[in-house]
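I'm opening a fresh notebook page for this one. Below are my entries, in the order I looked things up.

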Amino acid sequence: MMDAMLFPAARDQTLALFGGIGGALLVASLIGFVLKLKVGLATPHPVIDNLNARIKAWWLMVAVIGLSFVFGPRGVIVLFFLISFFALREFITLMPTRASDYHALAASFYLVLPAQYVLIDMAWYGLYSIFIPVYGFLVLAILATAGGETANFLERASKVQWGLMICVYCISHVPALLTLPIAGFEGRNLLLIAFLVIVVQSSDVLQYVWGKLFGRHKIAPQLSPSKTVEGFVGGVASATALGAALWWITPFAPWQAALMALAINLMGFLGGLVMSAIKRDRGVKDWGHMIEGHGGMLDRLDSVCFAAPVFFHLTRYWWVA
Amino acid sequence: MVASLFAFVITGLARAITGARALWRGCAPERVRRVYFANHGSHIDFVLIWSSLPPALRRMTRPVAGSDYWDRSGVRRFIIHQVFRGVLVDREHKPDSPDPIDVMVDAIDAGASLIIFPEGTRNVEEGLLPFKSGIHRIAQARPDIEFVPVWLDNLKRVMPKGKLLPLPILCTVSFGAPIRLHEGESREDFLSRTRAALVALAEEHAA
């Protein structure tokens, strides 16, 4: 704990980073307020009101992440454990599971979810990287037979496994970045998490902004009607530039940071499309209602789910000796 | 003191596991005496309704429960009497026990709102069972009381029958528009009107 405090450089960089985020949010809040003034404070306006709700929620999310950083690596692991719990609850709620799925679901929530985060806390790479895809995969299928029901067996079993893979396995790769021993980067791994989260979330925000300002051509009308080609290109390009500009908090050179950010942004965008396909199949627009203006926990995290494991393994492959 | 601590823990748990999201579709949460009538799928139905009410309403709202189940052990007695201040009624019609309707009407006269489950028993299937006549007898005894339909969605998945460990699944509690007994309305008409209101609320939620 408090690793960041042991390294003055890491502490200064973390403070500078949060100062920058606070400044950006301040500018966003001001813009939101001016837009609201223009239409009239008492006049309801769906787009601007939603924008302001989103900005307010961002303040809260940054505050929660900042608080977890104060408690060091373990604080971040606990935070992502809770995030996985809320995400899995949203995912399973939207899946029509049946009474005979009870044992598989109880095992997922009460055994697999905590176990995955304990393994990350132990930094046991050999087990946490296969625990859900191998042991979870097999044991959950066995548990699905417990009810004795054979109807839609494969469909039922795969719903629970998908939930665990997306909401627990993929999300847990964010705190798993803490376990990577990178030469010359000791005690600064929290900044790797900050890099991933800032790049992927700013990509979402910038795609939204570019889309709202210049969006003309829909990029995937069936999957996600609000996404446009202009939003995608502008958002990914500017978030990649932001990633390159953040090279000083990473073990990467500027051009490497740009490529990493590009990989994160592309995975995030495609992940958003996949999660949107699942939502639409279930006939809903949002996963939940937890975060004002954004929808559910999974609506905010869909791009993180797909970007985190890829970023983790790219970093591990090239930077861990 | 111990009872309010229990109430705090139980409502906190219900919220952590189910989200307990209240949707006031047909009325606002006001401090008036009401009879909330809901679909019944699990033992924790009234806990979720109770948890989703604002604290001021929670204090005046009492669940109606069967004494055959709740008076059986010390722990159950403590929970239903001290924590939820439940109105216990005898469902087995023993000769020496008071009429359940009198017990409920007395509680209403003392200033309480009630939570009742007019299907009479837990329903493990989809949909709604026919209503028992008690809801009509309460309405006849106190025709000025509002009856508010309450649809519990998803709660059956949280605690399937026979299971003890609840699953974390998000639930909603929808409150519909209040219903009053019309003058001269027959038992059949009132039962089918209240039941139809609950079915409509379920369909509105699914849409």
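**Salt bridges in chain B**

I began with Arg34(B), which is buried, with a relative accessible area of 2%. This is a predicted model, so I'm reading computed values off a prediction. Arg34(B) forms a salt bridge with Glu30(B), and their closest N and O atoms are 3.7 Å apart. I then looked up the partner: Glu30(B) is partly exposed, with a relative accessible area of 41%. The pair isn't on its own, since Glu30(B), Arg34(B), Glu146(B) and Arg180(B) are linked in a network of salt bridges.

Next pair on my list: Arg137(B) and Asp99(B), whose side chains meet in a salt bridge at 2.7 Å, N to O. Arg137(B) sits in helix H7 (residues 134–141) of chain B, and Asp99(B) sits in the loop between strand S4 (87–89) and helix H6 (100–109) of chain B, so this pair ties together parts that are 38 residues apart in sequence. Are the two residues buried or partly exposed? Arg137(B) counts as partly exposed at 36% relative accessibility, and Asp99(B) counts as partly exposed too, at 27%.

**One more pair, in chain A**

How many salt bridges are there over all chains? The count comes to 17. One that I looked up in chain A joins Asp121(A) to Arg74(A), with the closest N and O atoms 2.8 Å apart. Asp121(A) lies in helix H5 (residues 102–121) of chain A and Arg74(A) in helix H4 (residues 72–94) of chain A, so the salt bridge ties together parts that are 47 residues apart in sequence. I noted that Asp121(A) is partly exposed, with a relative accessible area of 32%.

My reminder to self: side chains of opposite charge can pair when their charged atoms come close.

**A buried arginine without a salt bridge**

Then I went to Arg157(B), which is in helix H8 (residues 155–158) of chain B. Which side chain of opposite charge is nearest to Arg157(B)? That is Asp101(A), 7.2 Å away; Arg157(B) is buried yet has no salt bridge. The cut-off for a salt bridge is 4 Å, so a distance of 7.2 Å doesn't qualify.

I checked what the side chain of Arg157(B) does reach, and found the backbone oxygen of Met95(A) at 2.7 Å. Leaving aside its neighbours within four places in sequence, Arg157(B) is in contact with Ile92(A), Thr93(A), Met95(A) and Thr97(A) from chain A, plus Leu167(B) and Ile169(B) from chain B.

**A buried aspartate**

Asp299(A) was my next stop, in helix H12 (residues 297–319) of chain A. Asp299(A) is buried, with a relative accessible area of 8%. The side chain of Asp299(A) reaches the backbone nitrogen of Gly296(A) at 2.7 Å. Not counting residues up to four places away in sequence, Asp299(A) touches several others, including Lys279(A), Lys285(A), Trp287(A) and His294(A). I also looked up the spacing to Arg11(A): 288 residues in sequence and 31 Å in space, C-alpha to C-alpha.

**Cysteines**

How many disulfides does a search of the whole structure find? The answer is 0 over all chains. I wanted to know why, so I checked two cysteines. The sulfur of Cys167(A) is 6.3 Å from the closest cysteine sulfur, in Cys305(A), and that is too far for a bond because the cut-off is 2.5 Å. The sulfur of Cys27(B) has its closest cysteine sulfur in Cys171(B), 20 Å away, again too far for a bond. Cys167(A) is buried, at 0% relative accessible area, and Cys27(B) is buried as well, at 12%.

**Two alanines with positive phi**

Ala123(A) has a positive phi of about 60 degrees although it is not a glycine. I placed Ala123(A) in the loop between H5 and helix H6 (125–128) of chain A, and it is partly exposed, with a relative accessible area of 41%. Ala20(B), also not a glycine, has a positive phi of about 40 degrees. Ala20(B) is in the loop between helix H1 (2–18) and strand S1 (21–24) of chain B. At 5% relative accessibility, Ala20(B) counts as buried.

**Confidence check on chain B**

Last entry: the mean pLDDT of chain B is 90, with 100% of its residues at 70 or more. Which elements of chain B have the lowest and the highest mean pLDDT? Helix H4 (residues 67–70) of chain B has the lowest, 86, and strand S2 (residues 34–38) of chain B has the highest, 96.

Definitions and conventions: Residues are numbered from 1 along each chain as its sequence is written. Chains are lettered from A and ligands numbered from 1 in the order in which they are written. This is a predicted model: local features need pLDDT of at least 70, side-chain atom pairs count only at pLDDT 80 or more; totals for chains, interfaces and linings use all residues. Side-chain values use heavy atoms; hydrogens and water are left out. pLDDT is the predictor's confidence in each residue, from 0 to 100. Helices (H or I, at least four residues) and strands (E, at least two) are DSSP runs, numbered from the N terminus. Buried means under 20% relative accessible area, exposed over 50%, partly exposed in between (1.4 Å probe, protein chains only). Contact means heavy atoms within 4.5 Å. A polar contact is a pair of N or O atoms within 3.5 Å; within protein, one must be able to donate a hydrogen and the other to accept it, and residues adjacent in sequence count only if both atoms are side-chain atoms. Lys and Arg count as positive and Asp and Glu as negative; His and the chain ends are not counted.
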